[in-house]
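Please read the following points with the sequence and the structure open beside them. They are written as a colleague's note and go from one pair of helices out to the two chains and a few single residues.

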Amino acid sequence: QPNHIKMVEPPMNTSRRKMIQHVVSLFAQEGGFHTVEKPVLELLTEMFQASLFEFGRSTRMFTELAGRVEPTVGDVTMALIDMGFKVDPVGLRNYSRRHTRPMIPAPQTLPLPKR
Amino acid sequence: NSSQDSSDSTGFALSDLLMQLEDYSPTIPDAVANHYLHMAGFESSDPRMSRLLSLAAQKFISDIVNEAFQQCKLKGQVVTAGKAKVKDKKYVLTMEDLIPVLNEHGIAIRKPPYYT
């Protein structure tokens, strides 16, 4: 590789992206896969990130449309439905309570510097 | 934040789910999910809202992966049907398995031009 061509650094959020990659890998392992191709992992990571972003954006739009600043359950539901997701409380409950649920410990926070 | 309207046939409503999300920690840490939601302008003093959204996103990805696994398994059965059974078959999540599943969800995946 010539010296004058440098690899472009990925944009910010590298650590958070790694975290999402970790989660996607855990889902693949939970599903029964042993290996995930690198482009697939990258694609699913991007999809996760994009859907989370879009959920947030859409929810804010519905909140502001109603003239509020604090989102309600209704706004979240409307955002999900608007994006074509079926809001199924029973399915979500079963999903959240499944016994194979992988866990990631929350990242450690640095203690505040003493003055 | 009351939602008495969205009850379903089994009597389990969204408000009941929200009650359970109070002391629930999703697979993806709250801090990470909140960062992406904040980037989009979502701000809520109620942590259950962001948990509900991150749970929905997780289920979305998880469902896709699970469907891809079914595809992969079916494909594997066809190939190895005639041969002797393979011990400890390793399943690999490939683009070929994923693309039909995503197409079913209405997401079209194309290879970028000049991609090797």
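1. At what angle do the axes of H2(A) and H3(A) cross, and within what distance do they come? In this predicted model, the two axes cross at roughly 125 degrees and come within 8 Å. That angle makes H2(A) oblique to H3(A), because it falls outside the 65 to 115 degrees that count as roughly perpendicular and is not over 145 degrees, where roughly antiparallel begins. The crossing of H2(A) past H3(A) is right-handed.

2. The residues that form this contact can be listed from each side. H2(A) contributes A:Phe55, A:Ser58, A:Thr59, A:Phe62 and A:Thr63, and these meet A:Asp75, A:Val76, A:Met78, A:Ala79, A:Leu80 and A:Asp82 in H3(A). Sorted by class, the residues of the contact are six nonpolar, three polar and two charged.

3. A:Met78, which is found in helix H3 of chain A and spans residues 73-82 as an element, deserves a separate remark. With a relative accessible area of 42%, A:Met78 is partly exposed, whereas A:Val73, A:Asp75, A:Val76, A:Thr77, A:Ala79 and A:Leu80 in H3(A) are buried. A:Met78 and A:Thr59 are 19 residues apart in sequence, and their C-alpha atoms are 7.5 Å apart in space. Just after H3(A), A:Gly84 takes a positive phi of about 90 degrees.

4. The other helix pair to look at in chain A is H1(A) with H2(A). Two packed helices are described by the angle between their axes and the distance between the axes. Helix H1 (residues 14-31) and helix H2 (residues 38-65) of chain A pack at an angle of about 110 degrees, and their axes are 9 Å apart. H1(A) and H2(A) are therefore roughly perpendicular to each other, and H1(A) passes H2(A) in a right-handed crossing.

5. On the H1(A) side of that contact are A:Arg17, A:Ile20, A:Gln21, A:Val23, A:Val24, A:Ser25 and A:Phe27, which meet A:Leu41, A:Glu42, A:Leu44, A:Thr45, A:Glu46, A:Phe48 and A:Gln49 in H2(A). By class, the contact of H1(A) with H2(A) has seven nonpolar, four polar and three charged residues.

6. Which residues does A:Val23 touch, leaving aside those up to four places away in sequence? A:Val23 touches A:Phe48 and A:Ile104 and also, from chain B, B:Thr27 and B:Ile28. A:Val23 is found in helix H1 of chain A and is buried, because its relative accessible area is 0% and buried means under 20%. In contrast to these contacts, A:Val23 and A:Val90 are 67 residues apart in sequence and 23 Å apart in space, C-alpha to C-alpha.

7. A residue of chain B can be set beside it. B:Ser54 has its place in helix H3 of chain B and is buried, with a relative accessible area of 0%. Not counting residues up to four places away in sequence, B:Ser54 touches A:Leu52 of chain A, together with B:Pro26, B:Ile28 and B:Ala33. B:Ile28 is thus named among the residues that A:Val23 touches and among those that B:Ser54 touches.

8. Is B:Asp46 buried or exposed? At 13% relative accessibility, B:Asp46 counts as buried, because the cut-off for buried is under 20%. B:Asp46 lies in the loop between helix H2 (30-39) and helix H3 (47-80) of chain B, and its side chain makes a polar contact of 2.9 Å with the side chain of B:Arg48.

9. Finally, the two chains as wholes. Chain A has four helices and one strand, and from the N terminus on its elements run α-β-α-α-α; chain B has four helices and one strand, but read along the sequence it follows the pattern α-α-α-β-α. Of the 115 residues of chain A, 38% count as buried, while for chain B the figure is 41% of 116 residues. Among contacts in chain A between residues at least 6 apart in sequence, 52% join residues at least 24 apart. In chain B, residues 24 or more positions apart account for 62% of the contacts with a separation of 6 or more.

Methods:
Residues numbered from 1 in each chain as written. Chains lettered and ligands numbered in written order. Predicted model: local features only at pLDDT ≥ 70, side-chain atom pairs only at ≥ 80, totals over all residues. Heavy atoms only, no water. Helix = DSSP H or I, 4+ residues; strand = E, 2+ residues; numbered from the N terminus. Buried < 20%, exposed > 50% of the residue type's maximum accessible area, 1.4 Å probe, protein only. Polar contact = N/O pair within 3.5 Å; in protein donor to acceptor, adjacent residues only side chain to side chain. Axes fitted to C-alpha atoms, helices over the stretch in contact; angles between N-to-C directions. Parallel < 35°, antiparallel > 145°, perpendicular 65-115°, else oblique. Left-handed = near helix turned anticlockwise from the far one by under 90°. Contact = heavy atoms within 4.5 Å. Nonpolar A, V, L, I, M, F, W, Y, C, P; charged D, E, K, R; others polar.
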